[in-house]
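User: I should like to go through the terms used for this structure and see how each is justified. Please set each value against its criterion.

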Amino acid sequence: MRYEPLFIVFEGIDGAGKTSIAKALVKLLNSQGFQTLYTYEPFNDEMTKLIRRYGRALGAVIETLLMAADRYYHVEKVIKPALNEGKIVISDRYYYSSIAYQGARGADIQWIKTVNYFAIKPDIAFYLDVSPEVGLSRKRNGTTRIPYLEEDIKTTEKVRAIYRRLVSEEGLSEIDASKDKCYVLRECVKEICRKKGLLCQAAVCGD
Ligand code: TYD
């Protein structure tokens, strides 16, 4: 089967359902014969440790720099090679997370974009929208690798507001993720069909 490599990312606050939708999409693509790579950010465990240690103490500037360093490795060593092999790459978070989270925590958004200049633009960036209350209620039993980033509901409101701005400013595809998983996956598949002509006939949740 011949197809163009594709780079798709999922964004949203904690509890929006990014991981489960990204994995369901990978499964669907695999079942249709596509070669895929599921990946995520922050990518490197050592870097995540550094962010936990220094981010809390020093704030959004150091978070931005460490996330960008992590992302540079991710883009150069993981994402670009997989795209060059012709795969469909699905990343759970990307540089929009830096704009939304570190922007909400006080870093200058223009500067965040500058620091991330090397990050290639994805073909499709999904933003799964839920309110912080819904996100929090879904995450109650889940794990978060950098818990201090998700502690404060007021900051999470700001993260959401920045994401919503990015929908119009950067062309993110917004999906109402307060609905059930089949609805969200179906909307993702429709968008991939609309933008790239792929998965147009694929059945989602048995329909
Ligand atoms: P993780 O446990 O991977 O959570 P999630 O399933 O929500 O992705 O934790 C990642 C945390 O890092 C999450 O709180 C968002 C935050 N983050 C940033 O603040 N900036 C970034 O650039 C990235 C990639 C993540």
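Analyst: Contact here means heavy atoms within 4.5 Å. The model is predicted. By that criterion, Leu 28 touches Val 189, Leu 199, Ala 202, Ala 203 and Val 204, residues up to four places away in sequence not being counted.

User: Where does Leu 28 lie, and what makes Leu 28 count as buried or exposed?

Analyst: Leu 28 belongs to helix H1, residues 18-31. Buried means under 20% relative accessible area. Leu 28 has a relative accessible area of 11%, and is therefore buried. The C-alpha atoms of Leu 28 and Phe 10 are separated by 16 Å, with the two positions 18 residues apart along the chain.

User: Leu 199 is one of the residues that Leu 28 touches. What is said of the phi of Leu 199, and why is Leu 199 called buried?

Analyst: The phi of Leu 199 is positive, about 65°, although Leu 199 is not a glycine. Leu 199 is found in the segment after helix H8 (181-196). Its relative accessible area is 7%; the limit for buried is under 20%, so the term applies to Leu 199.

User: Which other residue has a positive phi without being glycine, and how do you know whether that residue is buried or exposed?

Analyst: Arg 93 has phi near 80°, a positive value in a residue other than glycine. Arg 93 sits in the loop between strand E3 (88-92) and H4. With a relative accessible area of 12%, against a limit of under 20%, Arg 93 is therefore buried.

User: Why is the pair of Phe 10 and Phe 126 called stacked?

Analyst: A pair of aromatic rings is described by the distance of the centres and the angle of the planes. The structure holds 12 aromatic pairs. In the pair of Phe 10 and Phe 126, the centres are 5.1 Å apart and the planes make an angle of 25°. Ring centres must lie within 6.5 Å to pair, and planes under 30 degrees apart count as stacked. Both conditions are met, so the pair is stacked.

User: What makes this a link between distant parts of the chain, and are its two rings in buried or exposed residues?

Analyst: Phe 10 is in strand E1 (residues 6-11) and Phe 126 is in strand E4 (residues 124-129), 116 residues apart. Phe 10 has a relative accessible area of 0% and is therefore buried. Phe 126 is likewise buried, at 0% relative accessibility.

User: Which residues do ring pairs link into a cluster, and how do you know that the charged end of Lys 179 sits over the ring of Tyr 183?

Analyst: The cluster is formed by Phe 7, Tyr 94, Tyr 95 and Tyr 96. As for Lys 179, its charged end is 4.5 Å from the centre of the Tyr 183 ring and sits over that ring. The distance part of the criterion is within 6 Å, and a direction within 35 degrees of the ring normal is also required.

User: Why is H3 called roughly antiparallel to H4?

Analyst: Two packed helices are described by the angle between their axes and the distance between the axes. Helix H3 (residues 60-84) and helix H4 (residues 95-104) pack at about 175°, their axes being 10 Å apart. Angles over 145 degrees count as roughly antiparallel, so H3 and H4 receive that term. On the H3 side, Ala 60, Glu 63, Thr 64, Met 67 and Arg 71 meet Tyr 95, Ser 98 and Gln 102 of H4. These residues divide into 3 nonpolar, 3 polar and 2 charged.

User: Why is Arg 105 called partly exposed, and where does Arg 105 lie?

Analyst: Arg 105 is in the loop between H4 and helix H5 (109-115). Its relative accessibility is 29%; partly exposed covers values between the limits of 20% and 50%, so Arg 105 counts as partly exposed. The C-alpha atoms of Arg 105 and Ala 60 are separated by 5.7 Å, although the two residues are 45 residues apart along the chain. Beyond its neighbours within four places in sequence, Arg 105 is in contact with residues including Glu 63, Tyr 148 and Thr 155.

User: What makes Ala 107, in the loop between H4 and H5, buried or exposed?

Analyst: Ala 107 has 8% relative accessibility and therefore counts as buried. Apart from neighbours within four places in sequence, Ala 107 is in contact with Ala 60, Thr 64, Gln 102 and Ile 112.

Conventions
Residues numbered from 1 in each chain as written. Predicted model: local features only at pLDDT ≥ 70, side-chain atom pairs only at ≥ 80, totals over all residues. Heavy atoms only, no water. Phe/Tyr/Trp six-rings, centres within 6.5 Å; stacked < 30°, edge-to-face > 60°. Helix = DSSP H or I, 4+ residues; strand = E, 2+ residues; numbered from the N terminus. Buried < 20%, exposed > 50% of the residue type's maximum accessible area, 1.4 Å probe, protein only. Axes fitted to C-alpha atoms, helices over the stretch in contact; angles between N-to-C directions. Parallel < 35°, antiparallel > 145°, perpendicular 65-115°, else oblique. Nonpolar A, V, L, I, M, F, W, Y, C, P; charged D, E, K, R; others polar.
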